[in-house]
Amino acid sequence: MAVTIWRAVRPSPQWQDTLIRVEKGQRLVIDTEETWSPDMRDQVAWCGADGVYRLAAGEGYLLPGANVGALVGRLGSGPAFAVGSRFDAIADHDGVLYLAMNDNLKYNCQAGKVTAAVIVFGASD
């Protein structure tokens, strides 16, 4: 059986609890919807699930190398991973799912949100 949660993710570099626990071996799918403007190119700005075109995040971000503004996730205390507009993988460990935007704390995020559908399939699905 699959469980689906809809979550509005604010553009924040703080980990946000989606209130769902994932067990090792379960399939985790995250689909997001949001748009961003090409006018935001090469700026530090909130731009949607996939980040800013041609602007990589350096040190001081939750996931260095991923585009600034990109949606990132974490299971429990595990490492951050890029979500973008679609993520589909088998969980390699247990943990509560957290989501955040890959931004630096010293910058102010732009107003907005991204709607994320989090779908967790049972190990036998």
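## A walk through the strands, starting at Thr32

Select Thr32 to begin: at 9% relative accessibility it counts as buried, because the cut-off for buried is under 20%. Keep in mind as you click around that this is a predicted model.

**Stop 1: around Thr32.** Thr32 sits in strand 3. Now show what surrounds it. Leaving out residues up to four places away in sequence, Thr32 touches Ala49, Leu71, Gly84, Ser85, Val114, Thr115 and Ala116. Pick Leu71 from that group: Thr32 and Leu71 are 39 residues apart in sequence, yet their C-alpha atoms are 9.0 Å apart in space. Next, zoom in on Gly84. Which atom of Gly84 does the side chain of Thr32 reach? It is the backbone oxygen, at 3.1 Å.

**Stop 2: the neighbours of strand 3.** Select residues 27-33 to light up strand 3, then add residues 86-90, which make up strand 6. These two run antiparallel and are joined by 5 bridges. For one spot to look at, find Leu28, which stands opposite Ala89 of strand 6. Now add strand 8, residues 114-121. How many bridges link strand 3 and strand 8? There are 7, again in the antiparallel sense. Back at Thr32, the bridge partner in strand 8 is Ala116. In general, strands of a sheet pair through backbone hydrogen bonds.

**Stop 3: an open sheet.** Hop over to the open sheet of 4 strands, whose order is 2-7-4-5, with antiparallel pairing. Its edges are strand 2 (16-22) and strand 5 (81-82), each of which pairs on one side only. Strand 4, residues 71-75, is joined to strand 5 by 2 bridges. Click Val72 and you'll find its bridge partner in strand 5, Ala82.

**Stop 4: the nonpolar cores.** Select Val22, Leu28, Ile30, Val83, Leu97, Leu99 and Val118: of the 19 residues in the largest nonpolar core, these touch the most other members. Strands 2, 3, 4, 7 (95-101) and 8 each supply at least two residues of this core. Which strand gives the largest share? That would be strand 8, with 4 residues.

Stay on Leu97 for a moment. Not counting residues up to four places away in sequence, its contacts include Val22, Leu28, Ile30, Phe81 and Val118, as well as Asp17 and Arg74. Apart from the largest core lies another one, of 5 residues, so finish by selecting Leu55, Ala57, Tyr61 and Val68, which are among them. As a rule, in soluble globular proteins, nonpolar side chains tend to be buried together.

Conventions:
Residues numbered from 1 in each chain as written. Predicted model: local features only at pLDDT ≥ 70, side-chain atom pairs only at ≥ 80, totals over all residues. Heavy atoms only, no water. Pairing = 2+ DSSP bridges. Buried < 20%, exposed > 50% of the residue type's maximum accessible area, 1.4 Å probe, protein only. Contact = heavy atoms within 4.5 Å. Polar contact = N/O pair within 3.5 Å; in protein donor to acceptor, adjacent residues only side chain to side chain. Core = buried A, V, L, I, M, F, W, Y, C linked by side-chain atoms within 4.5 Å.
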